[in-house]
Amino acid sequence: MTLKEAKKRDLDKIMNCDPAAISRRQVKRTYTGYKALCIYRRAHRLWLKGHKSLALWLSWQAKKETGIDIHPAAQIGVGVFIDHGVGLVIGETAEIGDDVVLYQGVTLGGTGKETGKRHPTIERGVTVSAGASVLGPVRIGEESKIGAGSVVLKDVPPHSTVVGVPGRVVKQYGKRVELDQQLPDPILEELKRLNERIYNLEQSVGIRACRYSITLDEEPEYDGDRK
Ligand SMILES: CC(C)(COP(=O)(O)OP(=O)(O)OC[C@H]1O[C@@H](n2cnc3c(N)ncnc32)[C@H](O)[C@@H]1OP(=O)(O)O)[C@@H](O)C(=O)NCCC(=O)NCCS
């Protein structure tokens with residue numbers, strides 16, 4: 001695909017996705033995300049041809065002008081929309097598919113622990129919301145959404161919504177994923193044990209004071225006299 005065709009696909013995507021976009025001309029002139037992507041595309045070609053210093057210099061220029069830091073070795077598809085974009089970082093071994101949307105403050109970075117492929121792979125149609133970080137050589141499945149402010153450290157299946165720190169899948173194919181809420185609560189367990197002892201003591205002296213309690217799973221059978 002030529003540079004011109006890639007830029008056209010990027011512009012089409014912006015016009016389709018952004019209700020604030022007035023015209024293609026206005027987008028070309030004022031959208032920093034689009035500008036950073038155009039410079040990245042030139043820098044990437046230079047990188048592939050072995051002109052690495054020039055490529056890095058171009059991407060540094062783009063960073064100064066737009067606040068968007070894309071390593072020229074990163075692989076980015078077409079129809080990509082970087083909205084606002086300031087503070088966005090895309091690492092050297094990141095791979096981004098077609099029709100991906102990235103907002104401001106997104107980091108597609110490394111954890112600092114890996115070498116070689118150490119940045120994420122973002123499949124086609126994914127949205128990474130404002131301020132989200134996707135760290136390490138993880139794969140985000142196609143058409144997934146990463147919620148604003150999330151930190152994703154594991155692979156995400158396709159068509160999922162991930163939110164939180166660390167990121168958890170809360171929806172898949174538009175349906176809520178039931179989270180396992182059965183986490184052990186040591187304080188509640190201790191209260192249950194104490195309540196049981198009180199109940200046994202009460203029973204042995206024939207009184208019954210602790211009848212209702214959130215700490216009792218069910219009311220124990222009582223066979224003494226009520227007072
Ligand atoms: C994740 C997001 C894309 C919505 O995806 P969705 O599939 O439509 O998911 P829903 O809105 O149905 O939310 C699903 C659950 O995640 C929660 N959730 C959504 N976004 C969240 C976030 N960023 N952080 C924490 N929880 C979030 C919702 O409250 C909901 O919880 P519930 O099931 O307990 O009610 C969206 O919430 C988001 O983060 N958008 C930000 C877009 C952005 O960056 N805009 C900047 C423009 S300048």
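Good morning. I shall begin with a single residue, D98, which sits in the loop between β5 (95-96) and β6. The model is a predicted one, and everything I say about D98 and its surroundings is computed from that model.

Is D98 buried, exposed or partly exposed? It has 15 C-beta neighbours inside 10 Å, and therefore counts as partly exposed. Leaving out residues up to four places away in sequence, D98 touches G77, V78, G79 and R124. I would also point to I76: it lies 22 residues from D98 along the chain, and the two C-alpha atoms are separated by 7.5 Å.

Let me now step back to the whole protein. Its secondary structure consists of 5 helices and 16 strands. There are 227 residues, and buried residues make up 30% of them. If we take the contacts with a separation of 6 or more, residues 24 or more positions apart account for 28%.

I turn next to the interior. The largest nonpolar core has 41 residues. Which of them touch the most other members? They are A36, Y40, I82, L102, V128 and V134. Several elements each supply at least two residues of this core: the helices α1 (3-17), α3 (32-48) and α4 (52-66), together with the strands β3 (81-82), β6 (101-102) and β10 (133-135). The element that gives the most is α3, with 7 residues. As general background, nonpolar side chains in soluble globular proteins tend to be buried together.

A36 deserves a closer look. Setting aside residues up to four places away in sequence, A36 touches A62, T66, I68, I70, I82 and G85.

The packing of the helices comes next, beginning with α3 and α4. Their axes come within 8 Å and cross at roughly 175 degrees. Because an angle over 145 degrees counts as roughly antiparallel, α3 is roughly antiparallel to α4. On the α3 side, the contact is made by T32, K35, A36, I39, Y40, R42, A43, L46 and W47. On the α4 side, it is made by K52, L54, A55, L58, S59, Q61, A62 and T66. Sorted by class, this contact has 10 nonpolar, 4 polar and 3 charged residues. A36 and Y40, which appear in this contact, are also among the core residues that touch the most other members.

The second helix pair is α1 with α3. What are the approach and the crossing angle here? The axes come within 11 Å, and the crossing is at roughly 160 degrees. That makes α1 roughly antiparallel to α3 as well. The crossing of α1 and α3 is right-handed. From α1, the residues in contact are L3, A6, K7, D10 and I14; from α3, they are Y34, L37, C38 and R41. By class, there are 6 nonpolar and 3 charged residues in this contact, and no polar ones.

I shall now move along the chain to the loop between β13 (151-152) and β14 (160-163), where V156 lies. V156 has 25 C-beta neighbours inside 10 Å and so counts as buried. Apart from its neighbours within four places in sequence, V156 is in contact with I140, G141, S144, V162 and V169. Between V156 and I146, which are 10 residues apart in sequence, the C-alpha to C-alpha distance is 9.4 Å.

H159 is found in that loop between β13 and β14 too. Its phi is positive, about 55 degrees, although H159 is not a glycine. With 16 C-beta neighbours inside 10 Å, H159 counts as partly exposed.

A further positive phi belongs to E143, which is likewise not a glycine; the value is about 65 degrees. E143 lies in the loop between β11 (139-140) and β12 (145-146). It has 15 C-beta neighbours inside 10 Å and is therefore partly exposed.

My last backbone feature is a peptide bond. Which two residues does a cis peptide bond join? They are V165 and P166, with omega at about -10 degrees. P166 is found in the loop between β14 and β15 (168-172). For context, most residues other than glycine have a negative phi, and most peptide bonds are trans.

To close, I would recall two points. The largest nonpolar core receives the most from α3, with 7 residues. Helix α3 is roughly antiparallel to α4, and α1 is roughly antiparallel to α3. Thank you.

Note on methods: Residues are numbered from 1 along each chain as its sequence is written. This is a predicted model: local features need pLDDT of at least 70, side-chain atom pairs count only at pLDDT 80 or more; totals for chains, interfaces and linings use all residues. A nonpolar core is a set of buried Ala, Val, Leu, Ile, Met, Phe, Trp, Tyr and Cys residues joined through C-beta atoms within 7 Å. A residue is buried if 20 or more other C-beta atoms lie within 10 Å of its own, exposed if 12 or fewer, and partly exposed in between; C-beta atoms are placed from the backbone. Helices (H or I, at least four residues) and strands (E, at least two) are DSSP runs, numbered from the N terminus. Two residues are in contact if their C-beta atoms, placed from the backbone, lie within 7 Å. Axes are lines fitted to C-alpha atoms, for helices over the stretch in contact, and angles run from 0 to 180 degrees between N-to-C directions. Angles under 35 degrees count as roughly parallel, over 145 as roughly antiparallel, 65 to 115 as roughly perpendicular and the rest as oblique. A crossing is left-handed if the near helix is turned anticlockwise from the far one by less than a right angle, and right-handed if clockwise. Ala, Val, Leu, Ile, Met, Phe, Trp, Tyr, Cys and Pro count as nonpolar, Asp, Glu, Lys and Arg as charged, and the others, Gly among them, as polar.
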